[in-house]
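Let's take a walk through a protein model, one feature at a time. Keep the picture open while you read.

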Amino acid sequence: MELPLIRHMDRNLTELGRLSPCSLSLQLSLIPLSTAEMVLESGETVHVGEYMELFTGSGSAGIFRVTGLEEDLNQTRVHLEHGLCTLSDRILFGHWQMGGSGQTLRQIMESMLLFQSMWQLGDCDAETFYSYVFDHENLLSAMVQLLRPLGADYALIPDQTTRPWTVHVRKLPEVPSSELRLSRNLSGIRLKIDTSDMATRLYPFGSGSGGDTVNILQVNHGLPYIESDRVQEWGILESVHTESTVEDAQTLLAVAGQVLESVSEPRVSLVADAHDFSRLTGESLDRLRLGDRCRVCLPERHVTYEERIVGMRWTDVCRDPWGAQLELRNRVSSAEDALSQLTRRSRLQEVYNRGTASETTLYHTENCDAEHPAVFHFFIGDDALHVNAVRVRITTDAFRGQTGTNASIRVRDIESTAGTVRVSVDGNPVPEEVSRQAQWDALGYMTKDAQGRVERNSWHDLVLAPDGICQVVVQLGIRTMIRTLSGAQA
């Protein structure tokens with residue numbers, strides 16, 4: 001079956017012709033943005049801002065925009081991003097409060113899309129009434145954040161067969177619709193199980209600073225945290241989660257619940273070298289689609305996985321249009337990284353005012369002994385006008401070990417033998433009479449610059465070396481005065 005040639009379009013989406021690249025690599029991602037890169041022979045002319053419809057052995061992969069070119073005497077390397085990138089061309093300038101008061105998710109998204117003309121809203125499978133706040137956010141980043149309270153089972157699904165293009169908010173299917181087997185369409189697989197970012201107790205915070213930070217006390221029976229029912233299996237693993245765009249407690253509680261549901265179990269990820277033979281066999285189980293759940297059958301290992309396809313990568317579509325490297329996960333963990341990347345796409349110069357109070361609470365838990373001290377790194381940014389205090393609280397607990405094979409992991413507690421803990425900050429020892437206090441200030445022990453100020457834009461280290469085995473639990477409260485954006489509109 002012959003692969004269709006790339007459809008070349010101008011900035012108005014008028015077709016200019018067809019292109020036959022030397023190579024085409026493609027990376028489709030469930031969380032925007034999908035990207036591609038192709039190499040053209042010299043003589044084929046394209047321009048930044050034009051559009052290309054790309055194809056794989058399964059059909060159209062979508063319409064992408066040319067974002068960059070690299071040319072030499074023999075060839076042109078073309079960088080592309082999925083058409084969703086056009087949403088990042090527009091920003092919600094100033095301070096925006098949206099949602100709540102009976103305004104549904106559909107109404108919020110429709111009002112956002114009025115700022116541009118290339119996209120319209122299609123289906124919206126969720127009807128929520130959450131409240132959000134945005135400051136100088138581009139539309140794509142804002143729309144991704146709107147889905148945060150819904151959890152990983154919802155995604156933005158583009159449809160570029162319409163004019164204007166349509167973006168849907170879809171609930172992703174839970175029942176596996178495809179299947180991979182080594183004897184059929186799977187040539188290799190790698191499995192990773194990671195517990196490093198697990199949490200069974202979450203302290204959520206919303207917008208605001210210091211004592212004005214939004215929390216869940218009033219809507220969570222007076223408790224500042226929520227807890228997973230997996231505590232009995234994994235023990236109490238505490239973490240802090242901040243949603244700076246959330247201004248009301250009920251929305252914060254909903255977001256935190258979705259976050260806790262995803263981080264309260266080990267991260268299971270698979271990378272599978274697979275082939276989509278659906279157009280050859282006509283079998284629906286051979287159809288590999290982004291966002292679908294896929295059953296990976298490994299009878300040789302007596303195990304079967306049912307995980308979601310969150311990424312698809314073709315090294316060279318021209319050479320192998322049916323073969324793709326799939327990324328499957330039990331939870332979509334790249335949302336925050338994607339949001340950070342999308343936020344940076346807002347082309348806005350920052351203007352600072354006199355500053356505002358900020359209080360950040362960090363938690364760190366680590367097994368350690370005298371030969372293997374615990375090290376806690378914390379960062380002081382260059383936006384800190386003043387560092388008022390770095391409060392430290394240290395407690396010790398039983399040494400917690402993990403044993404197991406494959407997907408079965410057990411936690412075993414070993415009684416602590418530690419009597420004292422030697423503490424240093426940035427290499428400066430902290431006297432025992434200070435470190436044994438219930439709470440103390442690390443400010444006096446941190447490294448300073450030539451002006452005697454705590455070093456900015458720098459990582460600082462808190463090192464704890466007990467005289468026996470134990471697990472140390474560190475709570476760090478950093479109080480600063482930071483520069484903030486001004487010119488917000490009501």
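Is His241 buried or exposed? With a relative accessible area of 7%, His241 is buried. (Buried means under 20% relative accessible area, exposed means over 50%, and partly exposed is in between, using a 1.4 Å probe and protein chains only.)

## Before we go on

This is a predicted model, where local features need pLDDT of at least 70 and side-chain atom pairs count only at pLDDT 80 or more, while totals for chains, interfaces and linings use all residues. Residues are numbered from 1 along each chain as its sequence is written, and side-chain values use heavy atoms, with hydrogens and water left out.

## Back to His241

Look for His241 in strand E17, which covers residues 238-242. Helices (H or I, at least four residues) and strands (E, at least two) are DSSP runs, numbered from the N terminus. The side chain of His241 has a polar contact of 2.7 Å with the side chain of Glu243. A polar contact is a pair of N or O atoms within 3.5 Å; within protein, one must be able to donate a hydrogen and the other to accept it, and residues adjacent in sequence count only if both atoms are side-chain atoms.

## Salt bridges

Side chains of opposite charge can pair when their charged atoms come close. For a salt bridge, a side-chain nitrogen of Lys or Arg must be within 4 Å of a carboxyl oxygen of Asp or Glu. How many salt bridges does the structure hold? There are 24. One of them joins Asp89 and Arg65, at 2.9 Å from N to O. Asp89 sits in the loop between strands E7 (75-82) and E8 (91-99) and Arg65 in strand E6 (residues 59-71), so this pair ties together parts 24 residues apart in sequence. Asp89 is partly exposed at 29% relative accessible area, whereas Arg65 is buried at 15%.

Now find Glu179, which is buried at 16% relative accessibility. Glu179 meets Arg181 in a salt bridge of 2.8 Å, N to O, and Glu179 also forms one with Arg295, where the closest N and O atoms are 3.2 Å apart. That second pair links distant parts of the chain: Arg295 is in strand E19 (residues 293-298) and Glu179 in strand E13 (residues 178-181), 116 residues apart. Both arginines are partly exposed, Arg181 at 33% and Arg295 at 22%. Elsewhere, salt bridges link Arg7, Glu15, Arg18 and Glu53 into a network.

## Cysteines without partners

How many disulfides does a search of the whole structure find? Zero. A disulfide is a pair of cysteine sulfur atoms within 2.5 Å. Why is Cys294 not bonded to Cys297? Cys297 has the closest cysteine sulfur to that of Cys294, but at 8.3 Å the two are too far apart for a bond. Cys368 is in no disulfide either, with the nearest cysteine sulfur, in Cys470, 4.3 Å away. Cys294 is buried at 0% relative accessibility, and Cys368 is buried at 2%.

## Two helices side by side

Two packed helices are described by the angle between their axes and the distance between the axes. Here, helix H1 (residues 105-113) and helix H2 (residues 139-146) pack at about 175 degrees, with axes 11 Å apart. (Axes are lines fitted to C-alpha atoms, for helices over the stretch in contact, and angles run from 0 to 180 degrees between N-to-C directions.) H1 and H2 are therefore roughly antiparallel, a label for angles over 145 degrees; under 35 is roughly parallel, 65 to 115 roughly perpendicular, and the rest oblique.

Which residues meet? Leu105, Ile108, Met109, Met112 and Leu113 of H1 are in contact with Leu139, Ala142, Met143 and Leu146 of H2, where contact means heavy atoms within 4.5 Å. H2 is mostly covered, with eight of its eight residues buried. At the N-terminal end of H2, Asn138 acts as a cap, with a side-chain oxygen 3.1 Å from the backbone nitrogen of Leu140.

## Backbone oddities

A cis peptide bond runs from Pro32 to Leu33, with omega near 15 degrees. Leu33 is in the loop between strand E3 (23-29) and strand E4 (35-41). Arg163 and Pro164 are also joined by a cis peptide bond, with omega about -5 degrees.

Finally, compare two histidines. His136 has a positive phi near 55 degrees, and so does His221. His136 is buried at 8% relative accessible area, whereas His221 is exposed at 80%.
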